[in-house]
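Please open the structure in the viewer and keep the selection tool at hand. The tour proceeds stop by stop.

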Amino acid sequence: MAQIGIFFGTDTGSTRKVAKQLQKLLGDELADKPLNINRVEAETLAGYDILILGTPTLGEGQLPGLSAECQEESWEEFMPNFDAMDLAGKKVALFGLGDQVNYPDEFVDGLGELYDTVVECGAEVVGSWPVDGYDFNQSAAVVDDRFVGLVLDKDNQASLTDDRLGTWVAQLKAELGL
């Protein structure tokens, strides 16, 4: 088992693709194959010391799941598992996908919800990301004038995705001492 577990929720498959890119950039020695959160048990997630969790934000700030009209269960249905989870001593990096043009008032809010949840479980969140270069009104994923993790807008800034991923992975490696 590698040091890093990558878990994602998705609706259209974009977050899965980003998770796969992250795993490739980190390499097989550091990161295991990404897993869809709707296909894992809480114990699997809790078994890693380092986690990378990814989510899109759907509609008006929702995590993916059945109430957001997704075809399958996702983060929404997994969230109750965190109630009994102790993530103390674990490092968690987060990434989120959103649309800053069509949803400027709830840009990547799902990422903020995921952040709040893992912090409540005792995790140390690493990998914050600057808000510079984005144009939005507000976001639940901004803490201390930075995003709580990597933010990608594949709808409006797809050309920046690869550079942002590479920069973020280098930042994570430095922060985690890898």
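Select helix α1 (residues 14-26) and helix α5 (residues 161-176), which pack at about 50° with axes 10 Å apart; helices are DSSP runs (H or I, at least four residues) numbered from the N terminus. The axes are lines fitted to C-alpha atoms over the stretch in contact, and angles run from 0 to 180 degrees between N-to-C directions. Therefore α1 is oblique to α5, meaning neither under 35 degrees, over 145, nor 65 to 115.

This is a predicted model: local features need pLDDT of at least 70, side-chain atom pairs count only at pLDDT 80 or more, and totals for chains, interfaces and linings use all residues. Residues are numbered from 1 along each chain as its sequence is written, and side-chain values use heavy atoms, without hydrogens and water.

Next, select the contact (heavy atoms within 4.5 Å). On α1, choose Val18, Gln21, Leu22, Leu25 and Leu26; on α5, choose Asp162, Leu165, Gly166, Trp168, Val169 and Lys173. This contact of α1 with α5 comprises 7 nonpolar, 2 polar and 2 charged residues; Asp, Glu, Lys and Arg count as charged, Ala, Val, Leu, Ile, Met, Phe, Trp, Tyr, Cys and Pro as nonpolar, and the others, Gly among them, as polar.

Note on methods: Helix = DSSP H or I, 4+ residues; strand = E, 2+ residues; numbered from the N terminus.
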